[in-house]
Amino acid sequence: MSTFAEDIKAKIRKNMSGNKNALKAPEKELTTEDDRGRRLWDRGEYHKIAQNRLKVDMEKATKYGPDANLEKRDLPSSMRDPVQARMKKLDMESGIGKTKAISFENGNNGKGSGGYYCSVCDVNVKDSRAYLNHMNGRRHQRNMGFNPYKLPESSVVGVRQVFAERIKKLEEIKKTGPMTFEKQQAERKAQAEIDEEWHKKYKKECKKAKKRKAAAACESLEDPLSASVMGFASFGAKKKH
Ligand SMILES: [Zn+2]
């Protein structure tokens, strides 16, 4: 082997110690042929591959929160959706004036350990400022399936729509008179009630979704492992133990 190739390999080994496997050739062929030319699969090796894949799936199902967009999350950033504005107001005020005990459940980071919980990333943060930073942060946006550096392009139609909405609002004000303090307070109160209702529902849905995901992950463990990887499921493959 030329010294040049050796040098490159040494460099890669030194700087990418975690990626050594990329340099290695596969240790042995996973498929062989018998004397009649039919393919044979190394069941033991495929079993290992299937188990590794399941492990990754399990990690994915439990590492992120029930609301993470797992399909889009792992796409390259250029293929993820442009970042979108939040449709719902963040619940920053429900904890005002309350005292909460912080527990060390799940390494002080799990749901129910106090503070603010993000159901997309399955993390807890301790105060509203950190929560807001998290919600606007790169990791959270990625788990939502968005690319935080990509903005939706505005179009002529969109701009016209915004103008139309503004004109409509202006006409409404002309009809009903200007906003008064009392009106504003009443509106805010009504909105707060709606928001609270929504948050209650949302929390319930989070719980349900997490249970569903755990159940699905357990179920996939019951599948015949090697069969699913080799595409043999329809041939009545036996379970491996
Ligand atoms: Zn998050």
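## Contacts and overall make-up

Two residues are in contact when heavy atoms lie within 4.5 Å. By that rule, among contacts between residues at least 6 apart in sequence, 56% join residues at least 24 apart. The model is predicted.

The protein has 9 helices and 6 strands. It counts 241 residues, and buried residues make up 19% of them. The exposed surface comes to about 19200 Å². Carbon and sulfur atoms supply 55% of that area.

## The annotated span

An unreviewed UniProt entry carries the annotation "domain: Matrin-type" for residues 116–146. In the model, this span is 45% helix and 23% strand. Its end C-alpha atoms lie 22 Å apart.

## An aromatic pair

How many aromatic pairs does the count come to? The count is 1 aromatic pair. Its members are Tyr116 and Tyr131. The ring centres are 5.0 Å apart, and the planes meet at 25°. Planes under 30 degrees apart count as stacked, so this pair is stacked.

Tyr116 sits in strand 4 (residues 116–118), while Tyr131 belongs to helix 5 (residues 128–135). The pair therefore ties together parts that are 15 residues apart in sequence. Tyr116 and Tyr131 are both buried.

Tyr116 has further partners beyond its neighbours within four places in sequence. They include Asp91 and Met92. Val123, Asn124, Val125, Lys126, Asp127 and Ser128 are also in contact with Tyr116, as is Tyr131.

## The largest nonpolar core

In soluble globular proteins, nonpolar side chains tend to be buried together. Here the largest nonpolar core holds 12 residues in all. Both tyrosines of the aromatic pair, Tyr116 and Tyr131, are among them. Tyr64, Ala68, Leu70 and Leu90 also belong to this core. So do Cys118, Val120, Cys121, Val123, Val125 and Met135.

Which elements give two or more residues to this core? They are strand 4, strand 5 (123–125) and helix 5.

## A buried glutamine

Gln141 lies in helix 6 (residues 138–143). Is Gln141 buried or exposed? Its relative accessible area is 9%. Buried means under 20%, so Gln141 is buried.

Leaving aside neighbours within four places in sequence, Gln141 is in contact with Val83, Met135, Asn136, Phe146 and Pro148. One of these partners, Met135, is also a member of the largest nonpolar core.

How values were computed
Residues are numbered from 1 along each chain as its sequence is written. This is a predicted model: local features need pLDDT of at least 70, side-chain atom pairs count only at pLDDT 80 or more; totals for chains, interfaces and linings use all residues. Side-chain values use heavy atoms; hydrogens and water are left out. Rings of Phe, Tyr and Trp (its six-membered ring) pair if their centres lie within 6.5 Å; planes under 30 degrees apart count as stacked, over 60 as edge-to-face and the rest as tilted. Helices (H or I, at least four residues) and strands (E, at least two) are DSSP runs, numbered from the N terminus. Buried means under 20% relative accessible area, exposed over 50%, partly exposed in between (1.4 Å probe, protein chains only). Accessible areas come from the Shrake-Rupley method with a 1.4 Å probe; for residues, only the protein chains shown count as cover. UniProt positions are given in the numbering used here, feature names are shortened, and annotations may be inferred rather than shown by experiment. A nonpolar core is a set of buried Ala, Val, Leu, Ile, Met, Phe, Trp, Tyr and Cys residues joined through side-chain atoms within 4.5 Å.
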